Amino acid sequence: MNTNLQNQPVIDGAGNGFGSGLGNNLMPPSAYAGFWRRLIAYAIDSLIIGVPLMVIGRMFGWVAINQTANSAEAYTTSDGFALFAGVVATLYFVLMDSSDKQATLGKSVFGLRVTNMQGGRISLGQAFIRYFAKFLSAMIVYIGFMMAGWTEKKQALHDKLAGTLVVKR
């Protein structure tokens, strides 16, 4: 079994191979999604998840808005709601990225999809690794996310750890 993925051809969703399969350039550099598109796609996903969660939290009294001395609003949540929101976010990202669509709604807006190193659909396990590795990317002063701006295949740290790519359709 050949585990050297650098020498394997990458296939897009239409079955088209990129490159000869030799060397490091498996896809043309323009095929990889860069930092800014990914950041805006993530912001869209955050709104898609966050707004309904905030509405639900307010409806059930799980989220309170407190006025502070300087008139700024501070949100407080119950521990149970924080756990619920974490489970919803995990399920959203993991199930969407590993689905036939290979993308969250935010990524779909920009025509992006998450693939394995061969250009195929990622497994549920890869999606979990990718999602939880984002916490590591954040813990190191967000440098793990910024790596998508300068690595050859536009991979963030969580992509490298999960063996995934984010590509344009």
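**Figure 1. Trp150 sits out in a loop of this predicted model.** Start with Trp150, which you'll find in the loop between helix 5 and helix 6 (157-162). Is Trp150 buried or exposed? Trp150 has a relative accessible area of 56%, and the cut-off for exposed is over 50%, so Trp150 counts as exposed. Lys154 is in the loop between helix 5 and helix 6 too. With a relative accessible area of 26%, Lys154 is partly exposed. Take a look at the backbone of Lys154 as well: its phi is near 55°, a positive value in a residue other than glycine. For background, most residues other than glycine have a negative phi.

**Figure 2. Trp150 belongs to a nonpolar patch on the surface.** The patch covers about 1000 Å². Besides Trp150, its members are Ile129, Leu136, Met139, Ile140, Val141, Tyr142, Ile143, Met146 and Leu161. Which elements give two or more residues to the nonpolar patch? They are helix 4 and helix 5 (143-146). Helix 4 supplies the largest share, with 3 residues. Two rings to look for here are those of Tyr142 and Phe145, whose centres are 5.9 Å apart. Their planes meet at 25°, so this pair is stacked. Tyr142 is listed in the patch, and its partner Phe145 is partly exposed, with a relative accessible area of 26%.

**Figure 3. Phe93 and Tyr131 stack their rings.** A pair of aromatic rings is described by the distance of the centres and the angle of the planes. For Phe93 and Tyr131, those values are 5.8 Å centre to centre and 20° between the planes. What does this stacked pair link? It links distant parts of the chain: Phe93 is in helix 2 (residues 79-97), while Tyr131 is in helix 4 (residues 124-139), 38 residues apart. Phe93 has a relative accessible area of 5%, so it counts as buried. Tyr131 is buried as well, at 11%. Phe93 has another neighbour worth finding: the charged end of Lys134 sits over its ring, 4.8 Å from the ring centre.

**Figure 4. Seven named residues make one aromatic cluster.** Step back from the stacked pair and you'll see that Phe93 and Tyr131 are part of a cluster that also takes in Tyr42, Tyr92, Phe128, Phe132 and Phe135. How many aromatic pairs turn up in a search of the whole structure? The search finds 13 of them. Phe128, one of the cluster members, also gives you a handy way to see how the chain folds back on itself in space: Phe128 and Leu91 are 37 residues apart in sequence, yet 9.2 Å apart from C-alpha to C-alpha. Leu91 is in helix 2 and is partly exposed, with a relative accessible area of 44%.

**Figure 5. Ala127 is tucked inside helix 4's surroundings as a buried residue.** Ala127 is found in helix 4. Its relative accessible area is 4%, so Ala127 counts as buried. What does Ala127 touch, leaving out residues up to four places away in sequence? Its contacts are Val94, Ser98 and Ile122. You can also trace a path from Ala127 to Gly163, which is 36 residues away in sequence and 9.8 Å away in space, C-alpha to C-alpha.

**Figure 6. Gln102 has a positive phi.** Gln102 is in the loop between helix 2 and helix 3 (105-109). Its phi is near 60°, a positive value in a residue other than glycine. Is Gln102 buried or exposed? With 9% relative accessibility, Gln102 counts as buried.

**Figure 7. Here's the whole protein, to put the close-ups in place.** The protein has 6 helices and 6 strands. Along the sequence, they come in the order β-β-α-β-β-α-α-β-α-α-α-β. How much of the protein is buried? Buried residues account for 36% of its 169 residues. As for the outside, the protein exposes about 9500 Å², and carbon and sulfur atoms supply 66% of that area. Finally, take the contacts between residues at least 6 apart in sequence: 55% of these join residues at least 24 apart.

Notes. Residues are numbered from 1 along each chain as its sequence is written. This is a predicted model: local features need pLDDT of at least 70, side-chain atom pairs count only at pLDDT 80 or more; totals for chains, interfaces and linings use all residues. Side-chain values use heavy atoms; hydrogens and water are left out. Rings of Phe, Tyr and Trp (its six-membered ring) pair if their centres lie within 6.5 Å; planes under 30 degrees apart count as stacked, over 60 as edge-to-face and the rest as tilted. Helices (H or I, at least four residues) and strands (E, at least two) are DSSP runs, numbered from the N terminus. Buried means under 20% relative accessible area, exposed over 50%, partly exposed in between (1.4 Å probe, protein chains only). A charge sits over a ring if NZ of Lys or CZ of Arg is within 6 Å of the ring centre and within 35 degrees of the ring normal. Contact means heavy atoms within 4.5 Å. Accessible areas come from the Shrake-Rupley method with a 1.4 Å probe; for residues, only the protein chains shown count as cover. Patches are made of residues with over 30% relative accessible area and no salt bridge: like charges are joined within 9 Å, nonpolar side chains (Val, Leu, Ile, Met, Phe, Trp, Tyr) within 5 Å. A salt bridge is a side-chain nitrogen of Lys or Arg within 4 Å of a carboxyl oxygen of Asp or Glu.
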